[in-house]
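Please open the model in a viewer and keep the sequence panel visible. The stops below are given in the order in which they may be selected.

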Amino acid sequence: MASRSTTTSPADCHPPAEDDPLAALVADVFARACPSRITLEHVAGKWGMLALAALLDGNYRFNALRRRVDGISEKMLAQTLQALERDGMVLRDVQATIPPRVEYSLTPLGHAVATKLRELIELVETEMPAVLAARARFDAPT
């Protein structure tokens, strides 16, 4: 999930109130230019979802997280974590040791989002027998 540079602003969602533009922001992921759509891509993309769900288990150093999220490349994990950090969901803590020690954890917002993602993951895992049966029916010769 490559972090995308965007020129959208909160005003691209719905018109804000006159006194405090951000207080009245109404995000709309269906609106093409709303920045909430980019955030949803960061969260709901394959790697973002897996990274957030893994971090729900606790803090991870980069390589430990990479091992936990099997199949992700170093570059993709770095990009994913950077996007999630920018969105305020992941905290990158650099400890002044030699060599430097970097740990990733969830912010309160990231924890709330990861909790919902974990529920979705558990639902999908639980329903895999039904999914596999549906696939078999679909793929069966007619």
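Begin with the protein chain coloured by relative accessibility: of its 142 residues, 29% are buried. The coordinates belong to a predicted model. Switching to a cartoon shows 6 helices and 3 strands, arranged along the sequence in the order α-α-β-α-α-β-β-α-α. If contacts are displayed between residues at least 6 apart in sequence, 47% of them join residues at least 24 apart.

**Helix 2**

Select residues 46-55, which form helix 2. How many of the residues of helix 2 are buried? The count is 8 of 10, so this helix is mostly covered under the criterion of less than 20% relative accessible area. Trp47, Gly48 and Met49 are among the buried residues, and a further run extends from Ala51 through Leu52, Ala53 and Ala54 to Leu55.

**The largest pocket**

Keep helix 2 displayed and add helix 5, residues 108-126; each of these two helices supplies at least two residues of the lining of the largest pocket. The volume of this pocket is about 210 Å³. To outline the pocket, select Leu50, Ala53, Ala54, Asp57, Arg68, Val69, Arg118, Ile121, Glu122 and Glu125. Which helix provides the largest share of this lining? It is helix 5, with 4 residues. Colouring the lining by residue class gives 5 nonpolar and 5 charged residues, with no polar ones. Ala53 and Ala54 deserve a second look here, since both appear in the lining and both are buried residues of helix 2.

**The second largest pocket**

Next, hide the previous selection and show Ser36, Thr39, Leu40, Val43, Asp87, Met89, Leu109 and Val113, the residues that line the second largest pocket. The volume in this case is about 150 Å³. Helix 1 and helix 5 each contribute at least two lining residues, and helix 1 gives the most, with 4. By class, the lining consists of 5 nonpolar residues, 2 polar and 1 charged. Helix 5 thus takes part in lining the largest pocket and the second largest pocket.

**Ser36**

From this lining, centre the view on Ser36, which is located in helix 1, residues 35-44. Is Ser36 buried or exposed? Its relative accessibility is 17%, and Ser36 therefore counts as buried. Beyond its neighbours within four places in sequence, Ser36 is in contact with Ala27, Asp28 and Val29. For Val29, draw a distance from the backbone nitrogen to the side chain of Ser36: a polar atom of that side chain lies 3.4 Å away.

**The aromatic pair**

For the last stop, display the aromatic side chains; the structure holds 1 aromatic pair. The partners are Phe62 and Tyr104, with ring centres 6.5 Å apart and planes at 55°, a tilted arrangement. Phe62 belongs to helix 3, residues 62-68, and Tyr104 to strand 3, residues 101-106, so the pair ties together parts of the chain 42 residues apart in sequence. Finally, select Tyr104 alone: with a relative accessible area of 8%, this residue is buried.

Methods: Residues are numbered from 1 along each chain as its sequence is written. This is a predicted model: local features need pLDDT of at least 70, side-chain atom pairs count only at pLDDT 80 or more; totals for chains, interfaces and linings use all residues. Side-chain values use heavy atoms; hydrogens and water are left out. Buried means under 20% relative accessible area, exposed over 50%, partly exposed in between (1.4 Å probe, protein chains only). A polar contact is a pair of N or O atoms within 3.5 Å; within protein, one must be able to donate a hydrogen and the other to accept it, and residues adjacent in sequence count only if both atoms are side-chain atoms. Contact means heavy atoms within 4.5 Å. Rings of Phe, Tyr and Trp (its six-membered ring) pair if their centres lie within 6.5 Å; planes under 30 degrees apart count as stacked, over 60 as edge-to-face and the rest as tilted. On a 1 Å grid over the protein atoms alone, a cavity is a set of points where a 1.4 Å probe fits but cannot get out, and a pocket is an open set with protein on both sides within 12 Å along at least five of seven lines; lining residues have an atom within 4 Å of a point. Grid points are joined across faces, edges and corners, and a volume is the space filled by probe spheres set on the points. Ala, Val, Leu, Ile, Met, Phe, Trp, Tyr, Cys and Pro count as nonpolar, Asp, Glu, Lys and Arg as charged, and the others, Gly among them, as polar.
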